[in-house]
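Let's take a look around this protein together. We'll start with a sheet and then turn to the empty spaces inside.

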Amino acid sequence: MTSRKKIMPTNQYRNNDKAIGIGNPFWDMSEQNGLAGIVAGLENDLLSTPSGHQFVNFSCCSYLNLDSHPRVIEGAIDAVRRYGVLDHCIARSRVQLPVLKELEESLGELFQADVLSGVSASSISGGLLPLIASGHLGNGVRPLMIFDKHAHVSLAAAKPACADETEVVTCNYHDLEFIKDCCKKYQRVCYVVDGSDSLGGYAPVKELAELQDKYGLMVFYDDSHSISAYGERGIGYVRSHSPALNENTVMVVTLNKAFGTSGAAILLNGYSQPMLRLVERFGGGLNYSQNLNTAAIGASLASAEIHRTAELPMLQKKLYDNIALFDSLIPTEQSGNTYPIRLVPMSDETVISEGRQVIEAGFYVSPVFFPIVAKGTAGLRVMMRAGQTEDQIRRLCKILAEVRAPQ
């Protein structure tokens, strides 16, 4: 019997053997210690497990607590009643409900951009990045695609698809000199980066804008963690600071973090209607996946209206006050900025047991480890929200200080 050929992966753009081999044991330990796979109901901002254990969730991305806002909930219910259907199951390029167009126009006015919506930032990015790589979204030139080393997995997952269209490389975290050198060597360059990192920081937006102006650099931002939580009317960090809001800046944002609803949006400036149609038709899940369902659209319309009122800056201030209180009690590398995530460093060997001590004391903070973070940089990720009380923050910080103290 002849031997069959064994496939050897190149692992040029992804490596599941490494990610799963190192990361899955941590996930197993997390679940075994009650830090993952948790089933819990929510009542009065407390989570309760079937066994009766109650805890406060400090690992939630609803930074302004808009997901439970009465107007957002009513918006979802009203939209379903108004249109009489939950999910109009057909591609948006063929038929779409008027309320979807209403939402995109509302978001467009709010963010001062042309907006296309989708079910998630991951599906949008997965469809949009290959269009940039092939030159169809841009000036027609296939760019060198530079992915930041710390780009979120929803962005990095598109590397293989982009590599079928153009050349793909990875650079160190916010490596401006590397990007500048590439701009000098290549006719066209696109840099893919988080505008706001999931582990606590902002992109060098102004410095990148200088490269955009000088070399025509295209920047693809995922600014999901700062939308709503930052800027006037919640326009986010990038749109608050970048002077390059033109065809060389492409943004994706989620609507189910601080915005408080569901789905995601592409924010574009300077592109024609035929180009928007091309993105809609060939942007992967934008076309062949389902649309936002009617409840999500109605909730998002309601949230957008809250963004236009004086309530939004009040919620932002409450969030910032809570962040400042946490920083005064538990200093971290992120201390001093308005970013709502803090990473409290722990060792790989102790992060699970220390996370377990915290949840047993009545607070959930998620342990993060490779491949979520680089090897050797594990920690407990704390997410701040406007709805957290001073007493809750002080009690959490007390237990964090205790588990960090030398034994």
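## What counts as a pair

Two strands are said to pair if DSSP finds at least two bridges between them. Keep in mind that this is a predicted model.

With that cut-off in hand, look at β11 (residues 249–254) and β12 (residues 264–268): they pair in the antiparallel sense, over four bridges. To pick out one partnership, go to V252, whose bridge partner in β12 is I266.

## The sheet

Those strands belong to an open sheet of seven, in the order β4-β12-β11-β10-β7-β5-β6, and the pairing is mixed. At the edges sit β4 (114–118) and β6 (168–171), each of which pairs on one side only. From one strand to the next, the twist averages 20°.

Then there's helix α8 (residues 205–215), which packs on the sheet and touches β7 (189–194), β10 (218–222) and β11. The direction of α8 makes about 150° with that of β10.

## Empty space inside

How many cavities of 30 Å³ or more does the structure hold? There are two. The largest has a volume of about 70 Å³. Its lining includes L86, D87, H88, Q96 and L97, along with N293, T294 and I297. By type, the lining residues of this largest cavity come out as five nonpolar, five polar and one charged.

The second largest cavity contains about 40 Å³ of space. Among the residues lining it are R92, S117, G118, V119, L286 and Q290. This lining splits into four nonpolar, four polar and one charged. L100, N291 and L292 appear in both linings.

Terms used: Residues numbered from 1 in each chain as written. Predicted model: local features only at pLDDT ≥ 70, side-chain atom pairs only at ≥ 80, totals over all residues. Heavy atoms only, no water. Helix = DSSP H or I, 4+ residues; strand = E, 2+ residues; numbered from the N terminus. Axes fitted to C-alpha atoms, helices over the stretch in contact; angles between N-to-C directions. Contact = heavy atoms within 4.5 Å. 1 Å grid on protein atoms, 1.4 Å probe; cavity = no way out; pocket = protein on both sides within 12 Å on 5 of 7 lines; lining within 4 Å. Points joined across faces, edges and corners; volume = space filled by probe spheres on them. Nonpolar A, V, L, I, M, F, W, Y, C, P; charged D, E, K, R; others polar.
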